[in-house]
Amino acid sequence: MQKLFSWASKWWPGLIPLAVMWGFAAWNNTLPVEADLSARSSAALKDTVLDKTRIAVDGRDVSLAADAFSEEGRRDAVMAVETVPGVRLVDDRTRLVPEAKPFVWNAERDVVRVTLSGSAPLPSMKARLTEAARKEVGGVEVADQMGLARGAPPRFEAAAMLLLDQIGKLKDGKITITDTKVNLSGMARELGGRESIAAALKNLPEGFSIAANEIKAPPYIFQAYKDPVAATVTLTGYVPDNNVHAAIATSASRKFFTEKVVDNLKASIGAPGAFSTAVVAALGALSRLSTGTLVVSDREVKLSGDALYEGAANDIRAGLGKDFPKNWQYKPEITVKPAAGPVDGTVCQQLFSELLTKGKIRFATKRAEIDPDSAGILDRLIETALRCPTTNIEVVGHTDADGEDSFNQALSEKRAQAVIDYLVKAGLPASRFTAVGHGSTQPVAGNDTDEGKAQNRRIEFLVR
């Protein structure tokens, strides 16, 4: 026995390096096996729908942790790993993604971004919704705050995609799907946007319905700016249709303004009732200003600028709303242009002639009542008369050749007197004016055309 222990004491120290070598060899051989099983397990899961997948391998045992979106999908994932050659045991740590009750999804737009929140049923669908939002609002930031949850109704993706098509039509607002109910609120980006969204909502997938649609239209705006330096009147904004467009443009260029009319109007739906009536009345008031801005926003009219003299300012302030439809609001912000310097009779005559070359005082057919649309040219004549207070002025009426000579003579005198009455009402002394009528005896054009007759029907101011 003593010899046996003596012999063993000689060789057992050699077992230690042998054991180390064996352990190193075993460990060195296990690493490639575990890496191979991990790779093949991951490959086996490529056709499964999972989230937060984690695979750990210990020898030939595999631990699988993941969030699955259905019980069937969870079982299929575990089975796929179990059938990987070389796998001995699968530690199943999978779980189902929580179910959302109710299932809510939101798309919200503000000034700087679109935010997607709520729940999406699958990672791939989450990515598709985010990409669709980016395409719809190109250049605007899209923030993905969506979580993942089960419980989406059938055809959820089709409904969400259709609603994302509408987010680009909003200036700001929010669209929400709650199970199969859709809620919308906010402001459309452009006129017609609200109607376009409403039309698109008719194509929601089967089973979905609108719970609330509170999309508002932007203000329906018409603007006119009168610039005395450029001698232009610029029209911008919207009109209901081409017929109203033509009527307003014609009134502006032929009836109200002697300045060049720059027409930048566009036709669009959404105009308030009696839009044309209100705009034409407001343009008539603008024509009486030296410089001014008219803004019609829905049913509110704002007119600001300088009247040519104090009496005109008071008249415009008092009369602005008389021709507007009921329920329209108006805000006159009228000041008075600083009085121009005095001029002598020669310059005064030149100014009168220039004004009456550019514009005409109009009357009712065959009558002496002054057309209200002539207020703009009359205000300019009054302003000029105020600049030469020591002169006397003949107001001379002329007619075309239609009708009896005696009728035309009397009509020309009455029209001249009607103009003087207007000037006196504005504050000018009656003693400075004399009414003269020449009937049709002094034509400036032929009476064989409507254009020639229109030129012959005129009022002249002669400084004496």
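# A guided tour of helices, strands and one lysine

Begin by selecting helix α4 (residues 123-136) together with helix α5 (residues 156-167), which pack at an angle of about 20° with their axes 9 Å apart. Because angles under 35 degrees count as roughly parallel, α4 is roughly parallel to α5. Keep in mind, as you turn the view, that this is a predicted model. The crossing in which α4 passes α5 is right-handed. To see what makes the contact, show the side chains of M125, R128, L129, A132, A133 and E136 in α4, and then those of F156, E157, A160, M161, L164, D165 and I167 in α5. Sorted by class, this contact of α4 with α5 holds 9 nonpolar and 4 charged residues, and no polar ones.

Next, move along the chain to the strands. Select strand β12 (residues 221-227) and strand β13 (residues 232-239), which pair in the antiparallel sense over 6 bridges. If you label K226, you will find V233 of β13 standing opposite K226. The two strands β12 and β13 form a hairpin with 4 residues between them, and in that turn A231 has a positive phi of about 55°. Now add strand β14 (residues 260-267) to the selection, since β13 also pairs with β14, this time in the parallel sense and over 8 bridges. Here L235 has D263 in β14 as its bridge partner. In general, the strands of a sheet pair through backbone hydrogen bonds, and they may do so either parallel or antiparallel.

Now pick out a single residue, K302, which is found in strand β16 (residues 300-307). Is K302 buried, exposed or partly exposed? Its relative accessible area is 35%, so K302 is partly exposed. Leaving aside residues up to four places away in sequence, K302 touches T293, L294, V295, K331 and E333. For a sense of distance, select N243 as well: K302 and N243 are 59 residues apart in sequence, and from C-alpha to C-alpha they are 24 Å apart in space.

The following stop is an open sheet of 3 strands, which lie in the order β19-β18-β20 and whose pairing is mixed. Its edge strands are β19 (433-437) and β20 (458-463), each of which pairs on one side only. From one strand to the next, the twist averages 20°. Select strand β18 (residues 393-398) with β19, and you will see two strands that run parallel and are joined by 5 bridges. Within this pair, E394 stands opposite T434 in β19.

With the sheet still displayed, add the helices that accompany it. Helix α10 (residues 345-358) lies across β18 and β20, and it runs at about 170° to β20. Helix α12 packs on the sheet too, touching β18, β19 and β20, and the direction of α12 makes about 160° with that of β19.

Finally, keep α12 (residues 405-425) selected and add helix α11 (residues 375-387); the axes of these helices come within 11 Å and cross at roughly 65°. The range from 65 to 115 degrees counts as roughly perpendicular, and therefore α11 is described as roughly perpendicular to α12. The crossing of α11 and α12 is right-handed. Show A375, L378, D379 and I382 in α11, and you will find them meeting V419, Y422 and L423 in α12. By class, this contact of α11 with α12 has 6 nonpolar residues and 1 charged residue, with no polar ones.

Notes
Residues numbered from 1 in each chain as written. Predicted model: local features only at pLDDT ≥ 70, side-chain atom pairs only at ≥ 80, totals over all residues. Heavy atoms only, no water. Axes fitted to C-alpha atoms, helices over the stretch in contact; angles between N-to-C directions. Parallel < 35°, antiparallel > 145°, perpendicular 65-115°, else oblique. Left-handed = near helix turned anticlockwise from the far one by under 90°. Contact = heavy atoms within 4.5 Å. Nonpolar A, V, L, I, M, F, W, Y, C, P; charged D, E, K, R; others polar. Buried < 20%, exposed > 50% of the residue type's maximum accessible area, 1.4 Å probe, protein only. Pairing = 2+ DSSP bridges.
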